[in-house]
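Biologist: I am new to this structure, so please take a close look at a single part of it for me. Start at the surface, if you would, and then work inward.

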Amino acid sequence: MFEFERPRGGEQALLVHINFPHQPDQDDLNEFVELVRSADVVDVELILGSRQHPSAKTFIGKGKLEEIATRVKALQIDVVLFNHPLSPSQERNLESALECRVLDRTGLILDIFAQRAQSFEGKLQVELAQLKHLSTRLVRGWTHLERQKGGIGLRGPGETQLETDRRLLAKRIKYLNNRLLKVSRQREQSRQARTKAEIPTVSLVGYTNAGKSTLFNALTDARVYAANQLFATLDPTLRKLQLSEQQDVILADTVGFIRHLPHDLVAAFRATLLETREADLILHIVDCSDDTRAEKIEAVDRILQEVGAAEVPQLLVYNKIDVMDLSPRIDFDDQERPWRLWLSARDANGFEQLIETLRVRFCQQSALYRLQLTASEGQIRAYLFENGAIETEIYENNGDIGLKLRLTPALLKRLRRRFEISPDRLEMLADTLAGAA
């Protein structure tokens with residue numbers, strides 16, 4: 001049984017959004033409302049306000065606090081949701097003054113993730129993120145942890161309830177980290193098997209509700225849950241997509257991103273996001289009908305950089321052209337390479353252009369290369385050997401190794417990215433095509 005499963009829906013929520021004129025990077029109010037509705041609570045009323053700076057004690061001013069307290073009692077509110085990050089002390093003081101539960105933006109997102117996670121791995125990841133977030137709020141009392149573990153005999157001499165809770169919490173976090181480490185190793189084994197089979201991986205990323213799962217389902221005939229709500233899909237799904245008779249790719253559907261995604265969530269989902277970091281290509285799905293798409297593209301790019309996927313090649317996919325009444329097309333850069341593609345995942349309009357773009361990118365024959373390794377670069381040789389890339393090798397008197405390699409474009413990119421091998425070290429041989437060997 002997971003620690004944080006709770007009854008869904010039915011709670012009466014009061015929403016609070018405060019505008020700070022000197023803070024330009026504020027969370028969008030419309031997005032906050034969508035988050036609340038995705039959390040299966042009833043947004044009874046929205047209270048707006050404006051301040052120059054947050055109050056250190058209660059985040060909001062005395063007058064606004066009294067206004068919210070009055071509405072909480074009048075409307076019989078169960079929970080007050082803030083579209084802002086709150087410190088543990090602010091959250092505690094607000095709960096004391098309002099006499100009801102208070103959740104900040106981070107807590108709200110964590111709650112949505114807890115509802116959406118379906119797989120065992122997903123539930124582990126979400127619980128780990130919740131435990132790390134709530135560990136700073138232990139002063140509110142974690143007696144449910146003590147009850148679940150039995151209570152009697154747990155406390156040492158002079159140990160307080162808070163100390164007991166901290167010890168139990170640390171034990172649970174350690175257990176979750178160990179379980180997720182096993183999952184990460186299993187994913188790595190699967191990834192190595194795909195690499196040996198020379199099957200490239202294409203990862204779908206994008207802002208939440210951009211249409212990733214809809215596109216994934218349409219391309220692969222999968223049945224991933226897709227809905228017009230934030231974070232409809234949490235659990236990663238991998239499916240094979242055939243580009244031609246000779247070439248397949250693995251398509252990976254991932255969790256949607258959002259501005260100011262809690263760091264604990266990013267850390268907990270690092271094993272899942274590793275699929276993106278190790279991908280050969282990222283399809284960055286964008287809702288072209290969204291007026292704030294530029295800011296959301298930047299938000300996704302920031303998270304990709306945080307998980308180490310900033311260097312993976314990207315193809316922007318502008319989805320929902322049916323909403324804008326646009327035609328599918330491909331935009332090329334100065335070197336005639338596709339960098340943006342327009343389509344409709346719902347109508348499958350533009351899929352031919354997408355498949356053709358992927359086919360041109362991945363349906364290439366392998367090439368022969370020569371690489372000289374020093375005696376200290378045995379890790380590179382081991383990686384090439386695991387991937388079946390070594391045709392011949394010659395050991396020299398000084399310990400260097402001369403390798404003749406057969407590399408697909410996908411393996412070549414992974415090799416350069418993983419070991420930071422400069423292009424001038426890899427010499428392409430004249431008789432290079434697979435069919436000419």
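Modeller: Leu326 counts as partly exposed, at 34% relative accessibility; that term covers the range between buried, under 20% relative accessible area, and exposed, over 50%, with a 1.4 Å probe and protein chains only. Leu326 sits in the loop between helix H12 (321–324) and strand S10 (329–332), where helices (H or I, at least four residues) and strands (E, at least two) are DSSP runs numbered from the N terminus. The model is a predicted one, in which local features need pLDDT of at least 70 and side-chain atom pairs count only at pLDDT 80 or more, while totals for chains, interfaces and linings use all residues. Residues are numbered from 1 along each chain as its sequence is written, and side-chain values use heavy atoms, with hydrogens and water left out.

Going inward, the part to examine is helix H1, residues 29–38, whose buried residues are Glu31, Phe32, Val33, Leu35, Val36 and Ser38. What covers these buried residues includes strands S1 (12–19), S2 (42–50) and S3 (79–82), together with helices H4 (105–116) and H11 (293–306). Just after H1, Asp40 takes a positive phi of about 65°.

Val36 shows what H1 meets: leaving out residues up to four places away in sequence, Val36 touches Leu15, Val41, Asp43, Leu81 and Leu108, a contact being heavy atoms within 4.5 Å. Val36 is also one of the residues with the most contacts inside the largest nonpolar core, which has 37 residues, and Leu81, Leu108, Phe257, Leu265 and Leu304 are listed beside Val36. Such a core is a set of buried Ala, Val, Leu, Ile, Met, Phe, Trp, Tyr and Cys residues joined through side-chain atoms within 4.5 Å. The elements that give two or more residues to this core are S1, H1, S3, H4, helix H5 (120–134), helix H9 (263–268) and H11, and H4 gives the most, with 5 residues. Apart from this core lies another, of 23 residues, among them Leu281, Leu343, Phe351 and Leu354.

For a charged side chain, one may turn to Asp280, in the loop between helix H10 (270–277) and strand S8 (281–287). Asp280 is buried, with a relative accessible area of 3%, and, neighbours within four places in sequence aside, is in contact with Pro200, Thr201, Val312, Pro313, Phe362, Ala410 and Arg414.
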